[in-house]
Amino acid sequence: MTTLDLANTVAEHLGTGWRAYTGKADDGSEAHLAGPNDQVLDLIAGTTTGRKTDQGRLIITGHLGFLRNHVPQDHKQDHKITVDQGKPPDVIAHEIRRRLLPNYEAVLHAAWDEKHASDGIAAAREQLAATVAARLGVQRRDQATDFHFGTVDAGVHGRVCVRSGASDSVFTVRVPHDRVAEFARLLATFGHLP
């Protein structure tokens, strides 16, 4: 029985929404299980790892993919169990539900929450950059949050960097000598705004 055949049967025992698909290995030693809530489990026959301790074992790993970058620091990133390859598919499915899925799903949900929060922060940053650019009369490229304004010929010019989260944004402003006092007066007035 190939790992894919085994994965197909295990998927049936895991329940609704689970399906198996082939892995990258040409020898049929790899397969994947996709679950109903973005779960992806990698299954590898231990005979292909070359490690004696893996012989006769099925290595099952919870896959995080790009979400690995969003796992909160207080969560473990790697979720792996091994099961005797000779066990029946219903027992393997039981072991996956009991030993792997609870912690893996908790990390998966936490990573999605972090990603959505990160997406919200990125959207707010982009919106603030759009507002600043509009007020300065600047056309930004590709929704940039770091852009230049003005020109040397126009006098006042510089660069704006709208940073993410609660970080301060940075303005680098270049002012002609004959307008420095005026700019300083405007800046002092701005500093006293409520």
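Select strand β2 (residues 30-34) together with β3: the two run antiparallel and are joined by 5 bridges. Strands here are DSSP runs of E with at least two residues, helices are runs of H or I with at least four, and both are numbered from the N terminus. Two strands count as paired if DSSP finds at least two bridges between them.

This is a predicted model, in which local features need pLDDT of at least 70, side-chain atom pairs count only at pLDDT 80 or more, and totals for chains, interfaces and linings use all residues. Residues are numbered from 1 along each chain as its sequence is written, and side-chain values use heavy atoms, with hydrogens and water left out.

**The β2-β3-β4 region**

Show Ala31 and Leu43 in β3, which stand opposite each other. Then move to the turn: β2 and β3 form a hairpin with 5 residues between them, and Asp38 in that turn has a positive phi of about 65°.

Next, colour β3 (residues 40-45) by accessibility. Of its 6 residues, 5 are buried, so the strand is largely enclosed by the rest of the structure. Buried means under 20% relative accessible area, exposed means over 50%, and partly exposed lies in between (1.4 Å probe, protein chains only).

Add strand β4 (residues 57-62), which runs antiparallel to β3 and is joined to it by 5 bridges. Pick Leu41 to find its bridge partner in β4, Gly62.

**Helix α2 and the loop after it**

Select helix α2 (residues 89-136) and look along it to Leu101, where the helix bends by about 50°. The bend is the angle between axes fitted to the seven residues ending at a residue and the seven starting there. A proline, Pro102, follows within four residues of the bend.

Go on to Gly137, which follows α2 and has a positive phi near 70°. In the loop between α2 and β6, select Asp142. Asp142 has a positive phi of about 50° although it is not a glycine, and at 78% relative accessibility Asp142 counts as exposed. Gln143 is in the loop between α2 and β6 as well. Its phi is also positive, near 55°, and Gln143 is a residue other than glycine. At 56% relative accessibility, Gln143 counts as exposed.

**The β6-β7-β8 sheet**

Select the 3 strands of the open sheet, ordered β6-β7-β8 with antiparallel pairing. At its edges are β6 (146-149) and β8, each pairing on one side only. Strand β7 (residues 157-161) pairs with β8 over 5 bridges. Show Val160 and its bridge partner in β8, Phe171.

**The largest pocket**

Keep Phe171 selected, since the residue is also part of the lining of the largest pocket. On a 1 Å grid over the protein atoms alone, a pocket is an open set of points with protein on both sides within 12 Å along at least five of seven lines, and lining residues have an atom within 4 Å of a point. The volume is about 410 Å³, taken as the space filled by probe spheres set on the points, which are joined across faces, edges and corners.

Add the other lining residues, including Val132, Arg135, Leu136, Phe149, Gly150 and Val156. Which elements each supply at least two residues of the lining? They are α2, β8 (170-174) and α3 (180-191). Helix α3 gives the most, with 4 residues.

Colour the lining by residue class to see 10 nonpolar, 1 polar and 1 charged residue. Nonpolar covers Ala, Val, Leu, Ile, Met, Phe, Trp, Tyr, Cys and Pro, charged covers Asp, Glu, Lys and Arg, and the others, Gly among them, count as polar.

Methods. 1 Å grid on protein atoms, 1.4 Å probe; cavity = no way out; pocket = protein on both sides within 12 Å on 5 of 7 lines; lining within 4 Å.
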